[in-house]
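Student: Could you take me through the surroundings of the ligand in this one? I'd like a close look at that part, and then at how it fits with the rest.

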Amino acid sequence: MSKKPVGHKARKRFGQNFLQDQGIIHRIIRAISPHPTDHLVEIGPGLGALTEEILNAAGDLDAIELDRDLVPILRTKFFNYAEHFRVHQADAMKFDYTSLCDDQRPLRIVGNLPYNISTQLIFHLLSYNKQIADMHFMLQKEVVERLAAKAGEKHYGRLSLMAQYYCQVENLFLVPPEAFNPVPKVDSAIVRLTPHKQLPFVARDVDQLQSVVKTAFNQRRKTLRNNLKELISAEALESLEINPGERPERLTLQEFIRISDFLCEQEK
Ligand code: SAM
């Protein structure tokens with residue numbers, strides 16, 4: 001069942017935990033369900049555990065790998081797929097994804113992400129929501145719980161709100177540490193993010209919304225009145241039918257948008 005990667009020592013600084021459980025790999029591929037007409041982008045292909053299965057099913061695949069040593073290994077390994085497989089030695093956090101959108105097909109993004117950069121990377125990718133059909137990621141279990149959490153739940157916060165502003169979020173399944181080599185200290189999970197074709201709720205200014213949400217969650221245990229006091233008065237919150245004594249984790253996306261739109265109106 002388990003194949004140890006040979007010829008490359010896993011690098012901690014690149015968050016390298018290579019998938020080695022074929023059962024899990026197949027389950028992930030079934031969840032992604034790549035199709036010959038799809039254009040996929042794999043972030044952090046590593047030694048190609050998912051890459052091979054994707055190449056067997058998908059049309060085009062662009063892979064973005066930061067570790068220079070892995071790039072020639074991938075090119076050699078997948079030489080037979082050269083016509084529809086490109087490896088970019090690049091940082092996925094700085095990559096311009098629009099440069100890959102050379103046709104009408106929205107991108108399908110996949111990746112067993114390096115956990116140290118996963119939330120920042122997701123924020124970065126959300127800004128490309130119009131170019132993306134869907135995203136399937138392996139993440140630390142807690143990050144998936146934060147992405148999927150609803151108002152009032154323990155893990156609800158900035159990541160849940162901004163991800164759900166742009167995407168439908170599905171927590172698909174858990175992956176145990178033993179599925180990787182080296183074995184990580186944390187549990188993992190697979191999440192699917194599907195950008196809304198039309199946003200269900202639209203903020204006048206998304207940067208303003210981001211800033212309100214960030215400020216509101218500065219101190220989770222404090223009330224909105226306290227966290228937002230530099231931005232909006234308790235009276236103004238009441239006029240928006242929002243209780244200033246409430247904790248930020250109880251506010252829905254629509255309520256945050258109401259605050260953000262009110263502030264835009266004030267700035268006019
Ligand atoms: N996909 C492989 C697998 O499932 O076995 C490897 C997954 S490993 C958790 C994360 C991969 O992301 C590594 O190959 C690592 O070198 C790469 N990586 C780390 N930081 C990156 C970055 N900023 N941009 C692109 N790739 C990165």
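Tutor: Let's start right at the ligand: 24 residues surround it, and the ones that come nearest are Phe-14, Gly-44, Gly-46, Ala-92 and Asn-112. A residue counts as near here if its C-beta atom, placed from the backbone, lies within 6 Å of the molecule. Keep in mind that this is a predicted model, where local features need pLDDT of at least 70 and side-chain atom pairs count only at pLDDT 80 or more, while totals for chains, interfaces and linings use all residues. Residues are numbered from 1 along each chain as its sequence is written.

What is the shell made of, by class? It has 15 nonpolar, six polar and three charged residues. (Nonpolar means Ala, Val, Leu, Ile, Met, Phe, Trp, Tyr, Cys and Pro; charged means Asp, Glu, Lys and Arg; the others, Gly among them, are polar.) Strand E1 (18–19) and strand E3 each supply at least two shell residues. Strands are DSSP runs of E with at least two residues, helices are runs of H or I with at least four, and both are numbered from the N terminus.

Now for the record: an unreviewed UniProt entry lists Asn-17, Leu-19, Gly-44, Glu-65, Asp-91 and Asn-112 under "binding site". Such annotations may be inferred rather than shown by experiment; feature names are shortened, and positions follow the numbering used here.

Take two of those. Asn-112 sits in strand E5 (residues 107–112), and it's buried because 29 C-beta neighbours lie inside 10 Å. The cut-offs: 20 or more other C-beta atoms within 10 Å is buried, 12 or fewer is exposed, and in between is partly exposed, with C-beta atoms placed from the backbone. Leaving out residues up to four places away in sequence, Asn-112 touches Leu-19, Gly-44, Leu-50 and Met-138. Touching means that the two C-beta atoms, placed from the backbone, lie within 7 Å.

Glu-65 belongs to strand E3 (residues 60–65). Glu-65 is buried too, since 25 other C-beta atoms lie within 10 Å. With the same sequence neighbours left out, its contacts include Gly-44, Pro-45, Val-87 and Gln-89.

Where do E3 and E5 fit in the order of the sheet? Seven strands make an open, mixed sheet, running E4-E3-E2-E5-E6-E9-E7. At its edges, E4 (85–89) and E7 (167–175) each pair on one side only; pairing takes at least two DSSP bridges between two strands.
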